[in-house]
Amino acid sequence: MQKAYEAGLVIQTKPGTVPQLKRYLDEQEGVCLGDSWTDIPPLNSQAKERLGYPTQKPEALLERIIQASSNEGDVILDAYCGCGTTVAVAQRLNRKWIGIDITYQSISLILKRLEDSGGTGAVFNVKMTGIPRDMKSAEALANKSDDRTRKEFEKWAILTFSNNRAVINQKKGADKGIDGTAFFIESEGGHGRILFQVKSGNVKSGDIRDLIGTMTREKAALGIFLTLKKPTKDMLQEAKTCGLYHHKIMGQPYPKVAIVTVQDIIESGLRLNVPLSMEVLKSAQRTTQEDNQLPIFQPEMDEAV
Ligand SMILES: C[S@@+](CC[C@H](N)C(=O)[O-])C[C@H]1O[C@@H](n2cnc3c(N)ncnc32)[C@H](O)[C@@H]1O
């Protein structure tokens, strides 16, 4: 008691009252966390960090796990990393990280997430394996016969070409000729729609006519036909007949129907250069998610894409 008194730790609120020991909150050990954590709520539909990924976890949860079990510079592995909550938090807490996911959509979302929080430089040092780097690996992905990975080639082509800014059409079966959509800023307050269609097999001019038909039906301003095989002269001619779209803000014309080959994407690094509208994209992602009551992302395969 004397020692505590000399250390200034004894307080008597009034003369004659029982002396009390001062206790500082930050010096207390606290209560050990139990097995069930109820103080971190799941993400609600209005949460700021929400990205539209059906199983997204709150950053606060991963922050607690990572801080409790690692130090700066350690390597964090998430073998089913989804939209990359572990990756984003590990990066923010100065850990190295390895993220693995079977679907390219997840990889695309993580790249965008890192870029949104850390700028374009944040993805420069990210090493990616298992995604097409050359024509041979693009063909291998396109020719995977497994039903679970059937759409991965389409997703990779659309998301890579759009710099991870397009929405993949998740509806199975009748996709009504649309594999992906992006929205671009057309004029102040207005936006236009870009439709993507991907083909990995043989292509013909009828495919371009189909895309034009879909664009008319959907009132889309631009159509992009992504193909693994080289387009025929007739296809290029058919696309040219659609003419040009004059962008009011960019002040430059774009072909209404563009044919882009996988070779253009891989070897020439060709990317969509229309300024895309991210707010419209976010609400479209929400709608896509609500349309799909089942989890969008299908599990399992031998090799991570
Ligand atoms: C529940 S989600 C993870 C969500 C994550 N915790 C987040 O906050 O975003 C599971 C992920 O595992 C992926 N997945 C399923 N099977 C896999 C496999 N065999 N190899 C790699 N990833 C797989 C799915 O694509 C999905 O993105």
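In the predicted model, N164 is buried, its relative accessible area being 14%. This asparagine occupies the loop that links α6 to β5 (167-168). Its phi is near 65°, a positive value in a residue other than glycine. Most residues other than glycine have a negative phi. Once positions up to four places away in sequence are set aside, N164 is one of the residues touched by S108, together with L159. S108 itself belongs to helix α4 and is likewise buried, with a relative accessible area of 3%.

A second asparagine with a positive phi is N94, for which the angle is near 60°. N94 is found in the loop between α3 (85-92) and β4 (96-99). With a relative accessibility of 46%, N94 is classed as partly exposed, because that category spans the range between the 20% limit for buried and the 50% limit for exposed residues. N164, by contrast, is counted as buried because its 14% falls under the 20% limit.

The loop holding N94 leads from α3 into β4, and both of these elements take part, with β3, in a right-handed β-α-β unit. The strands of this unit, β3 (residues 75-78) and β4, pair in the parallel sense, with 4 bridges between them. Within the pairing, D78 stands opposite G99 of β4.

The largest nonpolar core of the model comprises 42 residues, and I194, F196 and L226 have the most contacts inside it. Two or more residues are given to this core by each of α4 (104-118), α5 (135-142), α6 (152-161), β6 (180-187), β7 (190-199), β8 (222-227) and α9 (262-267). Helix α6 gives the most, with 6 residues. The core also draws on both assigned domains, taking at least three residues from domain 1 (52-129) and at least three from domain 2 (133-292).

The surroundings of I194 illustrate the packing in this core. Neighbours within four places in sequence being left aside, I194 is in contact with G180, T181, A182 and F184, with L222 and I224, and with L272 and L276. Apart from this core lies another, of 13 residues, whose members include L195, V203, M215 and V257.

V203, one of the residues of the 13-residue core, is also touched by T227. T227 is located in strand β8 and is buried, with a relative accessible area of 1%. When residues up to four places away in sequence are not counted, the other residues touched by T227 are K199, I259, V260, T261 and V262. Strand β8, in which T227 lies, is also among the elements that give two or more residues to the 42-residue core.

Over the whole protein, the secondary structure amounts to 10 helices and 11 strands. Of its 305 residues, 42% count as buried. Among contacts with a separation of 6 or more, 60% are accounted for by residues 24 or more positions apart. The protein exposes about 18,400 Å², of which carbon and sulfur atoms supply 51%.

Terms used. Residues are numbered from 1 along each chain as its sequence is written. This is a predicted model: local features need pLDDT of at least 70, side-chain atom pairs count only at pLDDT 80 or more; totals for chains, interfaces and linings use all residues. Side-chain values use heavy atoms; hydrogens and water are left out. A nonpolar core is a set of buried Ala, Val, Leu, Ile, Met, Phe, Trp, Tyr and Cys residues joined through side-chain atoms within 4.5 Å. Buried means under 20% relative accessible area, exposed over 50%, partly exposed in between (1.4 Å probe, protein chains only). Domain bounds come from an automatic or database domain assignment. Contact means heavy atoms within 4.5 Å. Accessible areas come from the Shrake-Rupley method with a 1.4 Å probe; for residues, only the protein chains shown count as cover. Two strands pair if DSSP finds at least two bridges between them. A crossover is right-handed if, with the strands pointing away from the viewer, the path from the first strand over the helix to the second runs clockwise.
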